[in-house]
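Here is my note on the model you sent round. Please read it with the structure open.

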Amino acid sequence: KPAIKISRLPDAIHATPGALDAASLEKLAEAVKTSPSLPLVLDLRRIASFDFEAAFTWADAFMKDGEMGRVKTTAKESARFAAPDVSVAPPKVLILMDGSTAGAAEILAAALHKALGAPLGGEPTFGLGRSQETVPLASGAALLLSTREYMLPGGEALEGKGLQPDYAAKDNPDTPEDELLDTLERSKWLENKSAEAAAKPPANN
């Protein structure tokens, strides 16, 4: 499976990362620089990851300022903010998501929705906002502890709630076509003004 798949829609770049890794981000930045006038459709379907720091790295590449999300431990809660340098700068970003979009991908989607007004298209996401670690016990058993909670920009909880789409559409996994993307293209969602999405936070359940 390639790290990232980049293709051309009639009027946009379609990027499907296999993971939120550094190599994929670098290839995405190169693709956007090659076609700087095209909107970017960032496909985060089927990305479930506990690597929340990767979400902040990706969000930071798109954002010149603003809060990317929050991290809560037993000791404190802290907000994470973007640095001013931007390495991925399409004129518009649109995000595809579904029920398998979880964890780091949800934090990234919420950050770009909030900061860039990136519309969310597809289905509600999973709602995974806690990282866990295994603590071995002397008996040989182990405890699975939630050590950190990652929250949306502004401090709203993600765990168990997920994100709701601005544009609802669903793919049929039993066909070779991408019905979700086709439906969104027919609805002219690429023409949506970013300011309209930016005016409201990403809804969760």
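The numbered points below go through the sheet, its neighbours, the salt bridges and a few single residues.

1. Status of the model. This is a predicted model. Treat every value below as computed from it.

2. The sheet. Six strands make an open sheet, in the order 1-2-3-7-9-12. The pairing is mixed. Strand 1 (4-9) and strand 12 (167-168) are the edge strands, and each pairs on one side only. Strands of a sheet pair through backbone hydrogen bonds, either parallel or antiparallel.

3. Strands 2 and 3. Strand 2 covers residues 12-17 and strand 3 covers residues 40-43. They run parallel and are joined by 3 bridges. To find the register, start at Ile13, which stands opposite Leu40 in strand 3. Helix 1 (residues 22-34) packs on the sheet. Helix 1 touches strand 1, strand 2 and strand 3, and its direction makes about 20° with that of strand 1.

4. Strands 3, 7 and 9. Strand 3 also runs parallel to strand 7, with 4 bridges between them. Here Asp43 stands opposite Leu96 in strand 7. On the other pairing, strand 7 meets strand 9 (residues 120-122) in the parallel sense, over 3 bridges. Ile95 stands opposite Leu120 in strand 9.

5. Cover on strand 7. How many of the residues of strand 7 are buried? The count is 5 of the 5 in residues 93-97, so strand 7 is largely enclosed by the rest of the structure. In a regular strand the side chains alternate between the two faces of the sheet. In strand 7, Val93, Ile95 and Met97 lie on one side, and Leu94 and Leu96 on the other. Both faces are covered.

6. Helix 2. This helix spans residues 52-62. Of its 11 residues, 8 are buried, so helix 2 is largely enclosed by the rest of the structure. The buried residues include three phenylalanines, Phe52, Phe56 and Phe62, along with Trp58. Ala54, Ala55, Ala59 and Ala61 are buried as well.

7. Salt bridge from helix 2. The structure holds 5 salt bridges. One of them pairs Glu53 with Arg80, the closest N and O atoms being 3.0 Å apart. This pair links distant parts of the chain: Glu53 sits in helix 2 and Arg80 in strand 6 (residues 77-81), 27 residues apart. Are the two partners buried or exposed? Glu53 has a relative accessible area of 30%, so it counts as partly exposed. Arg80 is partly exposed too, because its relative accessibility is 27%.

8. Arg70 and Glu67. Their side chains meet in a salt bridge at 2.8 Å, N to O. The two partners fall on either side of the cut-off, because buried means under 20% relative accessible area. Arg70, at 22%, is therefore partly exposed. Glu67, at 15%, is therefore buried.

9. The Asp43 network. Salt bridges that share partners join Asp43, Arg45 and Asp178 into one network. Within it, the side chains of Arg45 and Asp43 meet at 2.6 Å, N to O. Both Arg45 and Asp43 are buried. Asp43 is also the residue that stands opposite Leu96 in strand 7.

10. Ser131 and Leu145. Ser131 is in strand 10 (residues 130-136). At 12% relative accessibility, Ser131 counts as buried. Beyond residues up to four places away in sequence, Ser131 touches Phe50, Phe52, Leu145, Ser146, Thr147, Arg148 and Tyr150. Leu145 belongs to strand 11 (residues 142-151). Leu145 is partly exposed, with a relative accessible area of 39%. With Leu137 and Leu143, Leu145 forms a nonpolar patch on the surface. Together the three have about 240 Å² of accessible area.

11. Met151. This residue is also in strand 11. Met151 is buried, because its relative accessibility is 5%. Leaving aside neighbours within four places in sequence, its contacts include Gly69, Arg70, Lys72 and Glu77. Ile107, Glu156 and Ala157 are among them too. Arg186 lies 35 residues from Met151 in sequence and 33 Å away in space, C-alpha to C-alpha.

How values were computed: Residues numbered from 1 in each chain as written. Predicted model: local features only at pLDDT ≥ 70, side-chain atom pairs only at ≥ 80, totals over all residues. Heavy atoms only, no water. Pairing = 2+ DSSP bridges. Helix = DSSP H or I, 4+ residues; strand = E, 2+ residues; numbered from the N terminus. Contact = heavy atoms within 4.5 Å. Axes fitted to C-alpha atoms, helices over the stretch in contact; angles between N-to-C directions. Patch = residues over 30% accessible without salt bridge, like charges linked within 9 Å, V, L, I, M, F, W, Y side chains within 5 Å. Areas by Shrake-Rupley, 256 points an atom, 1.4 Å probe, with all protein chains shown as cover. Salt bridge = Lys/Arg side-chain N within 4 Å of Asp/Glu carboxyl O. Buried < 20%, exposed > 50% of the residue type's maximum accessible area, 1.4 Å probe, protein only.
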